[in-house]
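Good morning, colleagues. Please take a moment to look at the sequence and the structure on the screen before I begin.

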Amino acid sequence: FRHGEASEVVVNLPNETVVFGEHHPLIVVAGPCSVENEDMIVETARRVKAAGAKFLRGGAYKPRTSPYAFQGHGESALELLAKAREVSGLGIITEVMDAVDLDRIAEIADVIQVGARNMQNFSLLKKVGAQSKPVLLKRGMAATIEDWLMAAEYILAAGNPNVILCERGIRTFDRQYTRNTLDLSVVPVLRKLTHLPIMIDPSHGVGWSEFVPSMAMAAIAAGTDSLMIEVHPNPAKALSDGPQSLTPDRFDNLMQELAVIGKAV
Ligand code: PEP
Ligand code: MN
């Protein structure tokens with residue numbers, strides 16, 4: 001069980017300092033699944049910033065099920081994220097898939113994401129643990145809570161105390177109406193077991209944009225510290241995860257709805 005006080009993950013953004021943690025305001029991370037081009041990432045950054053998000057998410061290196069699907073623009077996408085950070089003042093969260101890219105990602109990202117598929121890539125965990133940027137550790141789609149906490153422990157044991165745990169849905173038996181099963185019970189359970197900050201990603205959790213707002217509200221009711229929401233200026237044309245992405249207008253509405261629930265945005 002948890003020992004001691006809730007830990008705080010402090011991030012210095014261009015114009016403000018934000019803190020992930022139990023006793024701090026809700027932090028919202030928003031943006032497209034993939035960084036597709038300069039216009040879309042800069043426009044998304046402006047819109048989600050205006051709505052109250054603190055971080056822009058966007059993949060440069062994408063873990064796709066099919067090798068023939070869009071794999072991300074890689075290094076050039078990192079440059080676009082750096083530009084979006086500069087124009088918006090948002091922090092950047094992006095995924096590392098391969099340790100060879102880690103230094104370059106760490107140069108532009110404020111928080112480094114380890115995706116569900118790499119949650120038990122122990123050599124990668126040791127490497128993100130040996131650098132100083134905070135790490136967002138997504139739950140593997142078939143990982144128990146114990147597996148997940150032990151994966152976090154690899155990062156902590158390697159010397160990096162700044163880990164955020166992100167629930168993004170697990171595999172159960174029905175994929176017909178939802179992509180995954182969003183396990184919101186992790187919020188109180190993790191609170192009991194660990195001092196680490198918690199994030200909920202309803203977008204990957206349910207897989208369909210129409211279901212995202214309810215689950216975002218439910219996550220706040222459960223007590224999450226932060227949310228990750230996929231937002232795309234034109235979901236129908238998205239190169240990945242369009243069906244689960246909110247439009248910027250829908251995201252605006254959601255942010256207003258969230259403010260009503262409690263934990264101030
Ligand atoms: C993502 O955040 O776009 C992503 C690939 O997430 P996950 O690792 O949870 O599937
Ligand atoms: Mn995605």
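I shall start with a pair of helices. Helix 1 and helix 9 are roughly parallel to each other, because the angle between them falls under 35 degrees. To be specific, their axes cross at roughly 15° and come within 9 Å. Helix 1 covers residues 38-51, and helix 9 covers residues 248-261. The crossing of helix 1 past helix 9 is right-handed.

Which residues of helix 1 and helix 9 make the contact? From helix 1 they are Thr44, Arg47, Val48 and Ala51. Helix 9 contributes Pro248, Phe251, Asp252 and Met255. Sorted by character, the residues of this contact comprise five nonpolar, one polar and two charged.

I should state plainly that this is a predicted model, and I ask you to hear the remainder of my remarks in that light.

Let me turn to the barrel. Eight strands close into it, in the order 3-4-5-6-7-8-9-10, and their pairing is parallel. On average, neighbouring strands of this sheet are turned by 25° against each other, direction ignored. As a general reminder, strands of a sheet pair through backbone hydrogen bonds, either parallel or antiparallel.

Where do strand 3 and strand 10 come together? These two strands, residues 27-31 and residues 226-230, pair in the parallel sense over five bridges. Within strand 10, methionine 228 stands opposite valine 29.

Strand 4, residues 55-57, is likewise paired in the parallel sense with strand 5, here over three bridges. Leucine 56 has isoleucine 92 of strand 5 as its bridge partner.

Is strand 5 itself mostly covered or uncovered? Strand 5 spans residues 91-95, and five of its five residues are buried, so the strand is mostly covered under the criterion of 20 or more other C-beta atoms within 10 Å. Both of its faces are covered. On one side are Gly91, Ile93 and Glu95, and on the other are Ile92 and Thr94.

A contrasting arrangement is found in strand 1, residues 9-12. Its covered face carries Val9 and Val11, whereas Val10 and Asn12 lie on an uncovered face. Strand 1 runs antiparallel to strand 2, residues 17-20, and four bridges join the two. Together they form a hairpin, with four residues between the strands. Asparagine 12 has threonine 17 of strand 2 as its bridge partner.

I shall close with two residues in loops. The first is arginine 179, which is found in the loop between strand 8 (163-167) and helix 6 (186-193). Is arginine 179 buried or exposed? Arginine 179 has 20 other C-beta atoms within 10 Å, and the criterion for a buried residue is 20 or more, so arginine 179 is buried. Leaving aside residues up to four places away in sequence, arginine 179 touches Gly169, His204, Val206 and Gly207. Along the chain, arginine 179 and valine 163 are 16 residues apart, and their C-alpha atoms are separated by 26 Å.

The second is aspartate 241, in the loop between strand 10 and helix 9. Although aspartate 241 is not a glycine, it has a positive phi of about 55°. Aspartate 241 is also buried, because 20 other C-beta atoms lie within 10 Å.

Thank you for your attention.

Methods: Residues are numbered from 1 along each chain as its sequence is written. Chains are lettered from A and ligands numbered from 1 in the order in which they are written. This is a predicted model: local features need pLDDT of at least 70, side-chain atom pairs count only at pLDDT 80 or more; totals for chains, interfaces and linings use all residues. A residue is buried if 20 or more other C-beta atoms lie within 10 Å of its own, exposed if 12 or fewer, and partly exposed in between; C-beta atoms are placed from the backbone. Two strands pair if DSSP finds at least two bridges between them. Axes are lines fitted to C-alpha atoms, for helices over the stretch in contact, and angles run from 0 to 180 degrees between N-to-C directions. Angles under 35 degrees count as roughly parallel, over 145 as roughly antiparallel, 65 to 115 as roughly perpendicular and the rest as oblique. A crossing is left-handed if the near helix is turned anticlockwise from the far one by less than a right angle, and right-handed if clockwise. Two residues are in contact if their C-beta atoms, placed from the backbone, lie within 7 Å. Ala, Val, Leu, Ile, Met, Phe, Trp, Tyr, Cys and Pro count as nonpolar, Asp, Glu, Lys and Arg as charged, and the others, Gly among them, as polar.
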